[in-house]
Amino acid sequence: MQATKREADLPRARELIAQARRVVALTGAGISAESGVPTFRDAGGLWRNYRPEELATIGAFERDPRTVWEWYEWRRGFLATCNPNDGHRALARFFLGRGEDGIVTQNVDGLHTRAAIEEAGDAPPDAALPIEIHGAIARDRCNECGLRAEAEPLAVRDDGARRTGGGEPPPGDPLPRCAECGGLRRPDVVLFGEMLDSALLERAQTMAARADLCLVIGTSAVVYPAAGIPLATLHGGGRIIEVNPQATDLTRAAEVALRGAAGEVLPELLA
Ligand code: APR
């Protein structure tokens, strides 16, 4: 039934895209689900197995940095085994072809960036690179001075081989320190209780406000300010297309809601 309804809605969605001068996409964990990355709130999602307040809050990091580091180290190791899927690739090709506007993502998994580089060939992938408003797990940031740096694994084994993440670091391993100020480094992601990078958020909101179409893909649309980005398009007179197997708080604001997986719907929608 869902596929039939989707087939009915697809022409209308494609017409909106063809008419749109400026398009922005907001993506969430759902677009990476087909890459094997667990979402947060679906059954079996990441939060189902962990309590966010134990792991992904600034309070937890300051209280118990090692536990938070070990969880992110596990996530880094897991994400190293995941690859962009057809949804990431279709979106990258679409924005490479437009050369402006683009993707705002809540995801920290780096899969949009990898898809942009893979699809761009020798063209600059910039147009398809996402604004990562929740940060990027593959980067470190100093918790004191904010200096960003490539991720350093928790420990280098005695034989000098770099750990690829995952597994328990030997007890007492020194946690990564900032080369500049010696402060504790942490993954460059927004933890619960932290503000988003205001410059990134402003770029995303400005892009959404001037867009006449916002593609909302794979997000439960419950976490603000990210969930407010499609509303900026709406308030600017634009429209929303939602791509999600489930209904969300944004569904009623969508001109078209395509019920399906991003990896299936996006190649059809954006061809
Ligand atoms: N294709 C498209 N959407 C999908 C797919 C799929 N294959 N599989 C699941 N979804 C949808 C689910 O129906 C759900 O609406 O993806 C959404 C995932 O929602 P969440 O797990 O809440 O993830 P997200 O919306 O990205 O969470 C937002 O919350 O915990 C914070 O920082 C975290 O960035 C995250 C933010």
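Colleague: Of the 271 residues of the chain, what percentage count as buried?

Modeller: Good place to begin, and keep in mind that this is a predicted model. Buried residues make up 51% of the 271 in the chain. The outside can be read too: the chain exposes about 12700 Å², with carbon and sulfur atoms supplying 51% of that area.

Colleague: And how many helices and strands does the chain have?

Modeller: There are ten helices and nine strands. To see how the chain is held together, look at contacts by sequence separation. Among contacts with a separation of 6 or more, 73% join residues 24 or more positions apart.

Colleague: Let's take one helix. How many residues does α8 have, and what should they span?

Modeller: Helix α8 covers residues 198-210, which is 13 residues. The idea is to count 1.5 Å a residue, so α8 should span 18 Å, and its end C-alpha atoms are indeed 18 Å apart.

Colleague: Which residues of α8 are buried?

Modeller: They are L201, A204, M207 and A208. Looking down the axis of α8, you find these buried residues within an arc of 130°, so they line one face of the helix. On the face turned away from that buried side sit the exposed residues S198, A199, E202 and R203.

Colleague: What do the buried residues of α8 pack against?

Modeller: Their partners are three strands and a helix: β1 (23-27), β2 (102-105), β3 (131-132) and α9 (229-235).

Colleague: Which residue caps the N-terminal end of α8?

Modeller: That is D197. For a cap, check the distance from a side-chain atom to a backbone nitrogen: here a side-chain oxygen of D197 lies 2.9 Å from the backbone nitrogen of A199.

Colleague: Now a loop residue. Is T57 buried or exposed?

Modeller: T57 has a relative accessible area of 14%, and because buried means under 20%, T57 counts as buried. It lies in the loop between α3 (52-55) and α4 (58-63). A polar atom of the T57 side chain is 2.8 Å from the backbone nitrogen of A60.

Colleague: One more, please: where does G263 lie?

Modeller: G263 is in helix α10, residues 262-270. With 13% relative accessibility, G263 counts as buried. Then ask what surrounds it: leaving out residues up to four places away in sequence, G263 touches E34, N85, D86 and G87.

Colleague: How far apart are G263 and S32 in sequence and in space?

Modeller: They are 231 residues apart in sequence, yet 8.8 Å apart in space, C-alpha to C-alpha.

Technical notes: Residues numbered from 1 in each chain as written. Predicted model: local features only at pLDDT ≥ 70, side-chain atom pairs only at ≥ 80, totals over all residues. Heavy atoms only, no water. Helix = DSSP H or I, 4+ residues; strand = E, 2+ residues; numbered from the N terminus. Buried < 20%, exposed > 50% of the residue type's maximum accessible area, 1.4 Å probe, protein only. Contact = heavy atoms within 4.5 Å. Areas by Shrake-Rupley, 256 points an atom, 1.4 Å probe, with all protein chains shown as cover. Polar contact = N/O pair within 3.5 Å; in protein donor to acceptor, adjacent residues only side chain to side chain. Expected span 1.5 Å × (residues − 1). Arc of directions from axis to C-beta.
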